[in-house]
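Please look through the sequence and the model shown here. The report after it describes selected parts in plain terms.

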Amino acid sequence: MYYRFYPYTAKLNTLFTGHQPLEDLAAHIDVLCEQETAQRPKRIFLEDDLEKIVAVQEGTRLGNEMLRLQGGTATHKATIRYTLRNVFAYANGFSQAHQSHYRFGELAHTHMLTGDVKKCDAAHFCLYPNAMMHFAHWVHEACAIALLDEQDESVILPPRKNWAHTAQYADLFEITSEPGELFFVKEFHAYQDFSQNSSKAARYAIMRDRIRQKIKPHGNRFIYLSRGTTGEKRDIANEHELVSFLETQGFVIVEPEKLSVTEIMEQCLGAEMVVSMEGSQLTHAAFSLKKDGFILALVPADRFINLYADYADSMGLHYSMCLVEGTKDCGYKVNLDRFKKVLDLCLS
């Protein structure tokens, strides 16, 4: 049971020696997909919206967001597998005796020291901090890592209890993860796999196909995905006005927080366009839209980010955005005249 103390001995060791990257600790390193470059297309948006940006979302830079929108050459990092020996893994990271990695949040000390531990000869770990923090990354990145399993090894991908849809997506993608939350693994695989390279695009195609094999769609053309109360507060102050207009244009209103993944997919699968506030609920659209379908994101001026432009590129979709002004506390207002212009550009 000595390995239960790895997170603590690793923390002490790091205080004296500093943090060591995985490439310095791995017993073996495999490059599964080399670094690539690709051309990003110019997106559909109103140019003068860029003058109204107040701040970008934490974790990104304005230059990166301009590349996502204006197009140009993008670099996609390599997909790399790191093999380590004798690793103690848990729901928010993993540790060897001298180093911890991919740690997110606080340790549940009592559970770490007394909970049941599953022992595995070989396993691969599908999480990393962003996937522990955000539903979108859990589905797009963590589930995609699970598909890198080539030898039918144990998969460590505990579903998030506060995100009911994660377990349902894992089932649709045919991912069987080891039960439990604590693991001691003799041969342990961790990954660098956050970029949208050709390997990721190929796995997204498999994931989308598996959904289509299991779900019969209703045949809706246009979808409005309501964010509801999921995730960080990001309300649309005039949502009723926006919805009333969209319904006149043939949009079907879908509220993911009230539905199972199967029910969401029945409504959205094969749709030509989705409109929604920028946020993790757009993941449902990314996996359901028909090829060459449109994501039209309503992007707040005070937390500007266009993450789904990246996902659109690797999933055969188009991305467009309409800026919305306001604040998290007071809500964001959609300028319907400007929104209609962007919508018309997408549909023309």
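What follows covers two helices, a strand with its partners, the cysteines and two loop residues. The model is a predicted one.

**Two helices**

Helix 1 spans residues 6-17. Its buried residues are Tyr6, Pro7 and Ala10. Because these residues cover an arc of only 90° around the axis, they lie on the same side of helix 1. An α-helix has 3.6 residues a turn, so residues three or four places apart point the same way. The other side of helix 1 carries the exposed residues Lys11, Leu12, Leu15 and Phe16. Among the elements that cover the buried residues of helix 1 are strand 4 (79-90), helix 4 (109-114) and strand 9 (183-192). Gly18, just after helix 1, has a positive phi of about 85°.

Helix 8 covers residues 198-214. At its N-terminal end, Asn197 acts as a cap: a side-chain oxygen of Asn197 is 3.1 Å from the backbone nitrogen of Ser199. Ser199 is also one of the buried residues of helix 8, together with Lys200, Arg203, Tyr204, Met207, Arg208 and Ile211.

The table sets out the lengths of the two helices.

| Helix | Residues | Number of residues | First to last C-alpha | Expected at 1.5 Å a residue |
|---|---|---|---|---|
| Helix 1 | 6-17 | twelve residues | 16 Å | 16 Å |
| Helix 8 | 198-214 | 17 residues | 25 Å | 24 Å |

In helix 1 the span is close to the expected value, and this also holds for helix 8.

**Strand 9 and its partners**

Strand 9, which helps to cover the buried residues of helix 1, is itself mostly covered, with seven of its ten residues buried. Strand 4 pairs with strand 9 in the antiparallel sense, over nine bridges. Strand 7 (residues 118-125) pairs with strand 9 in the parallel sense, over six bridges. Val185 of strand 9 is the bridge partner of Val87, and Val185 is also the bridge partner of Cys120.

**Cysteines**

How many disulfides does a search of the whole structure find? The search finds zero. For Cys143, the closest cysteine sulfur is that of Cys126, and the two are not bonded because 7.9 Å is too far for a bond. Cys143 has 0% relative accessibility and therefore counts as buried. Cys330 is in no disulfide either, and its nearest cysteine sulfur, in Cys322, is 20 Å away. With a relative accessible area of 66%, Cys330 is exposed.

**Two loop residues**

Glu278 sits in the loop between strand 12 (273-277) and helix 11 (282-286). Is Glu278 buried or exposed? Its relative accessible area is 5%, so Glu278 is buried. The side chain of Glu278 makes a polar contact of 3.0 Å with the side chain of Arg303. Beyond its neighbours within four places in sequence, the residues in contact with Glu278 include Arg227, Arg234, Leu298 and Tyr308.

Thr60 is in the loop between strand 2 (36-40) and helix 3 (62-70). Thr60 has a relative accessible area of 15% and so is buried. A polar contact of 2.5 Å links the side chains of Thr60 and Glu65. Leaving out residues up to four places away in sequence, Thr60 touches Glu65, Arg68, Phe304 and Ile305. Ile305 is also one of the residues in contact with Glu278.

Terms used. Residues are numbered from 1 along each chain as its sequence is written. This is a predicted model: local features need pLDDT of at least 70, side-chain atom pairs count only at pLDDT 80 or more; totals for chains, interfaces and linings use all residues. Side-chain values use heavy atoms; hydrogens and water are left out. Helices (H or I, at least four residues) and strands (E, at least two) are DSSP runs, numbered from the N terminus. The expected span of a helix is 1.5 Å times one less than its number of residues. Buried means under 20% relative accessible area, exposed over 50%, partly exposed in between (1.4 Å probe, protein chains only). A polar contact is a pair of N or O atoms within 3.5 Å; within protein, one must be able to donate a hydrogen and the other to accept it, and residues adjacent in sequence count only if both atoms are side-chain atoms. A disulfide is a pair of cysteine sulfur atoms within 2.5 Å. The arc is that of the directions from the helix axis to the C-beta atoms. Contact means heavy atoms within 4.5 Å. Two strands pair if DSSP finds at least two bridges between them.
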